[in-house]
Amino acid sequence: MSLDEVYREVIMDHYQNPRHHGHLEQPTLSVGLHNPTCGDELRLDLQVSDDGVVQDAVFEGQGCSISMAAASMFTEAVRGKSLGEANRIAESFKDLLMRRESDRSILGELEALEGVAKFPARVKCATLVMNAFEKAIRKMSEGGGSGNVQA
Amino acid sequence: MNIAARRADFPLLAIQMNGKRLSYLDSAATSQKPRAVLDAVRRYYEHDNANVHRGVYELAARATQDYEDARQKLADLVGSAPEEIVFTRGTTESINLVARSYGEVVLEPGTNVVTSAAEHHSNLLPWQQAAWHRGAEVRYVELGEDGRITPDALRSVVDDQTRIVALAHVSNVMGTVTDVAAAAEIAHAHGAVLAVDGAQSVPHRPVDVRALGIDFLSFSGHKMCGPTGIGALYGRADLLQRMEPVYYGGEMIEEVTLQGSTWKEAPWRFEGGTPNIAGAVGIGAAADYLRSIGLTAIHDHEVELANYLADRIRPIAGVVVYGPQGHRDSGVVTFNLDGVHAHDVATALDTEGVCVRAGHHCCQPLMRRLQAASTARASLYLYNNREDVDQFVDALAKAKEFFHRVAG
Ligand SMILES: Cc1ncc(COP(=O)(O)O)c(C=O)c1O
């Protein structure tokens, strides 16, 4: 087990230069998550069109390189995708980290986080953004699917 | 102290992590267990196991004797009478017991409980809850520059309406030590009691409740070489006798009728239900083990090693050490590596066989004060040696080099 397997350059690059960092003025969906065991914080804002396409995805927060890089990569991966496709990306990513069969073809740069699977204690860092996304989707379906959902 | 011999007492220390020698530097979270404790628990199950305070047969008498002997061992450890020791699941349950059974009785509108922002959540939430239930105030003593709580700062918040002063003896984040004797004097001068969170002191230094004037003392077995799921509350006899039970049921009663019941004397009235007998045997054996080495020797060893550790990492550019910048009085050293998140530091150290804690250490208010969302913590115990520290320092230097390289 070596550090290079986990902390690939692309991960550190996303950590230091997060791609979609900030917040939206009028997000369709906005959800905040806090990892109580480590103190990581993340807010994910999504702009979703009426026909369910993610037009914009940005995040804000503070945490370790893995949680922040995953958030940066995930926002990049889901832009322009339907909510269903975005959900499949989240699922496939979790499968990858749990060492289950995974559809790698849709993961994009997220695949670089594969090494995290070797550090079970860090898997929850990598999946924080997916959990935020899934919470946002749940809120939306509960709230009837429109409007600004705060969670 | 002969460290090599001490290390040989702990079977787990011989394991390898990721093909590397293990350097276990997380004893403030939980300690490793010596053979003496493991054997005592095993011997109990193999020879004396029965329920306590019930059977009339000899085996039950033996189990009861083992259980009560363990109470005596803890009393010997902290300098109390055995009737002043209540077995609990650990520090958290001990503090909750005091907060509910004592705190909620003496607190009322107009009164206050004094604690600090440096407390573990376990010594904060029970007091907040008790005060809120009773409409009382929670006051926080100001922390000094280096995180210390000085007698002067305490004097300025304690008044005649203070009913309880609740402070940790040793901080699990800053490693700072509170002058408990001075705190007791201040509390008593105002008619308040002093409740000490001893989770990080009882395992590591001599703590004598009478000499220090402590009224309640909470501690955990698993941090003092004992098993998980067992701990104790020391309570001054006259205070415990005034307190009502929190758990009602078997074992804790004197007489039960359908109209009303009476409770056993303290401490048994607080131990409703079948207790953790094997755990009590284990914590008793742990107390004997610590005393056989000597708590002063344990303390001196840890302090020497902690100062060695702090002195070795401070010169590394980018390393921040929290708490006292000069001499350290305990085996807890919390730090950060500039530009690298504490979790990433802990993962990097893990690959080198070094176990440190990273996170907020159950002290969110204190972390806000330190303006650090997360810190890494190395904590030492009687079985750590210079090799453990050197392995840690080398791994930290390597981690720094690695992250600076990949971060370009
Ligand atoms: C200062 C302090 N208080 C309380 C606790 C809680 O102890 P336990 O989890 O054993 O109840 C801890 C342990 O982390 C601690 O360090």
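# A walk through chains A and B

In chain A, 57% of the contacts with a separation of 6 or more are between residues 24 or more positions apart. The model behind this value is a predicted one. Chain A is a good place to begin, and chain B follows.

Chain A holds six helices and four strands. Their order along the sequence is α-α-β-β-β-α-α-α-α-β. Two helices open the pattern, and a strand closes it. The C-alpha atoms occupy a box of roughly 45 × 30 × 25 Å along the principal axes. How does the radius of gyration of chain A agree with that of a compact globule? For 151 residues, such a globule would have a radius near 15 Å. Chain A has 14 Å, which agrees.

Next, burial and surface. Of the 151 residues in chain A, 52% are buried. The chain exposes about 6,700 Å². Carbon and sulfur atoms supply 46% of that area. Chain A carries 16 positive and 23 negative side chains. The centres of these two sets are 5 Å apart.

Chain B has 408 residues. Its secondary structure comes to 14 helices and 17 strands. The radius of gyration of chain B is 22 Å, close to the 22 Å from the globule rule, so chain B is as compact as a globular protein of that length. Along the principal axes, its C-alpha trace spans about 75 × 55 × 35 Å.

In chain B, buried residues make up 60% of the chain. Take the contacts between residues at least 6 apart in sequence: 70% of them join residues at least 24 apart. The accessible surface of chain B is about 15,600 Å². Carbon and sulfur atoms account for 51% of it. On the charge side, chain B has 38 positive and 50 negative side chains. Their two centres lie 4 Å apart.

Two helices of chain B deserve a stop. Helix 12 runs over residues 342–350 and is mostly covered. How many of its nine residues are buried? The count is eight. Among them are B:A342, B:H343, B:D344 and B:V345. B:A346, B:T347, B:A348 and B:L349 are buried too.

Helix 10 contains B:G284. Is B:G284 buried or exposed? B:G284 is buried, because its relative accessible area is 0%. Leaving aside residues up to four places away in sequence, B:G284 touches B:A70 and B:K73. B:V37 offers another view of B:G284 across the sequence: the two are 247 residues apart along the chain, yet their C-alpha atoms are separated by 8.4 Å.

Now the backbone. Most residues other than glycine have a negative phi, and most peptide bonds are trans. Three places in this model depart from that pattern.

The peptide bond between B:A266 and B:P267 is cis, with omega about 5°. B:P267 sits in the loop between strand 12 (261–263) and helix 10 (277–293) of chain B. That loop therefore comes before the helix that holds B:G284.

A:R99 is not a glycine, but its phi is positive, about 60°. Where is A:R99 found? The residue is in the loop between helix 4 (83–97) and helix 5 (123–126) of chain A. Its relative accessible area is 59%, so A:R99 counts as exposed.

B:N18 also has a positive phi, near 50°, and is a residue other than glycine. B:N18 lies in the loop between strand 1 (16–17) and strand 2 (20–21) of chain B. With 34% relative accessibility, B:N18 counts as partly exposed.

The cysteines come last. A disulfide is a covalent bond between the sulfur atoms of two cysteines. How many disulfides are there over all chains? The count comes to zero, with a cut-off of 2.5 Å between the sulfur atoms. A:C64 is in no disulfide. Its nearest cysteine sulfur belongs to A:C125 and is 3.9 Å away, whereas a disulfide needs sulfur atoms within 2.5 Å. A:C64 is buried, at 0% relative accessibility.

In chain B, why does B:C225 form no bond with B:C355? The sulfur of B:C355 is the closest cysteine sulfur to that of B:C225, but the two are 16 Å apart, which is too far for a bond. B:C225 is buried, with a relative accessibility of 0%.

Conventions. Residues are numbered from 1 along each chain as its sequence is written. Chains are lettered from A and ligands numbered from 1 in the order in which they are written. This is a predicted model: local features need pLDDT of at least 70, side-chain atom pairs count only at pLDDT 80 or more; totals for chains, interfaces and linings use all residues. Side-chain values use heavy atoms; hydrogens and water are left out. The radius of gyration is taken over C-alpha atoms; the globule rule is 2.2 Å times the number of residues to the power 0.38. Buried means under 20% relative accessible area, exposed over 50%, partly exposed in between (1.4 Å probe, protein chains only). Contact means heavy atoms within 4.5 Å. Accessible areas come from the Shrake-Rupley method with a 1.4 Å probe; for residues, only the protein chains shown count as cover. Lys and Arg count as positive and Asp and Glu as negative; His and the chain ends are not counted. The place of a charge is taken as NZ of Lys, CZ of Arg, CG of Asp or CD of Glu.
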